[in-house]
Amino acid sequence: MSKQTMSTGKPFIQVKNVWQEYGDQTVLERLDLNIAEGEFCTLVGASGCGKSTFLRMLLGQERPSRGEILLDGSPIAAEPDASRGVVFQRYSVFPHLSVLDNVAIGLELPRAPLLGRLLGGAKRRAREEAATMLEKVGLGQSLKKYPEQLSGGMQQRLAIAQALIMKPRVLLLDEPFGALDPGIRKDMHALLLDLWNESRLTVFMVTHDLSEGFTLGTRLMVFDRPRMDPHAPGAYGARITYDIPLNEDRRAARAAVESLPATVTDHLNNLAQGAR
Ligand SMILES: Nc1ncnc2c1ncn2[C@@H]1O[C@H](COP(=O)(O)OP(=O)(O)OP(=O)(O)O)[C@@H](O)[C@H]1O
């Protein structure tokens, strides 16, 4: 499927009347979404309105209290599996493994569950595959280093390589660049778009940076709590109050921000700032 003509066929992911409640706190309510394969969804909204909760449900780490999420027409697996990769804001790499081993281990463990590590030719192939992926994310010169010897941006490149080596169909990113300097973030945007452009990867990315959301996304989703009862703060959950399709062309995405009514952009900016 070309990224230029996002599929209009059967949705890849269907979110049907999904709610998430913890005790008497409703965090999310009535989420209804259809997502085509290859879409790049950016998720913004005030702190605590359930964006990470939504990602955890997509990952299969949590089940919705009500409703269902379908992937290719079937209920999403109840546990994380190789079809979905995840990158968090804080580096989730293994500190005691080299850069190369951090990526190769993802290939080795599932293929050799008893031994833990592959041997001989299979091991060599896994390491070659890992090295190629690391080259792609710009870490080809750092294969023997350890995570503590890498900068923050390099560690996030490593985390992305670790997720992508498993060839997931869905990549979940929870504020992956939140801890990085602005210059490094720009490099990371370019890297992520390159990786996305050359794959059918469907991306969900939480960000507190609205311009990042508009720059990267083909679709921007705003989480907000439109109803609030001061006497029962947990009574109502957040919903997706804006679901804005963005053009493939990045410049057009920027134009979309400019063409929004000022009241909408002000509201979105307030939400994004409230989230910091
Ligand atoms: N396992 C849980 N048990 C109880 N409450 C939870 C649980 N997970 C999340 N919550 C609550 O759900 C709400 C939403 O949390 P979540 O982390 O999804 O928000 P968020 O939009 O990602 O926030 P932020 O932008 O600050 O990361 C919060 O009030 C949080 O305390």
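This is a short tour of helix α3, the nonpolar core and the ligand shell.

The model is predicted, so local features need pLDDT of at least 70 and side-chain atom pairs count only at pLDDT 80 or more, while totals for chains, interfaces and linings use all residues. Numbering starts from 1 along each chain as its sequence is written.

Start by selecting residues 120-136, which make up helix α3. Helices here are DSSP runs (H or I, at least four residues), numbered from the N terminus. Now color Ala-126, Ala-130, Met-133 and Leu-134, the buried residues of α3 (buried: 20 or more other C-beta atoms within 10 Å of a residue's own C-beta, placed from the backbone; exposed: 12 or fewer). They cover an arc of only 100° around the axis (taken from the directions from the helix axis to the C-beta atoms), which puts them on the same side of α3. Spin to the other side of α3 and you'll find Gly-120, Gly-121, Arg-124 and Glu-128 exposed. Just past the helix, click Gly-138: its phi is positive, near 85°.

Next, the core. The largest nonpolar core (buried Ala, Val, Leu, Ile, Met, Phe, Trp, Tyr and Cys joined through C-beta atoms within 7 Å) has 62 residues. Among those with the most contacts inside it are Ala-130 and Leu-134, along with Leu-43. Helix α4 (residues 152-164) gives the largest share of this core, 6 residues.

Last stop: the ligand. Of the 11 residues around it (C-beta, placed from the backbone, within 6 Å), Tyr-22, Ser-47, Lys-51, Ser-52 and Thr-53 come nearest. Helix α1 (residues 51-59) supplies the largest share of that shell, 3 residues.

Technical notes:
Helices (H or I, at least four residues) and strands (E, at least two) are DSSP runs, numbered from the N terminus. The expected span of a helix is 1.5 Å times one less than its number of residues.
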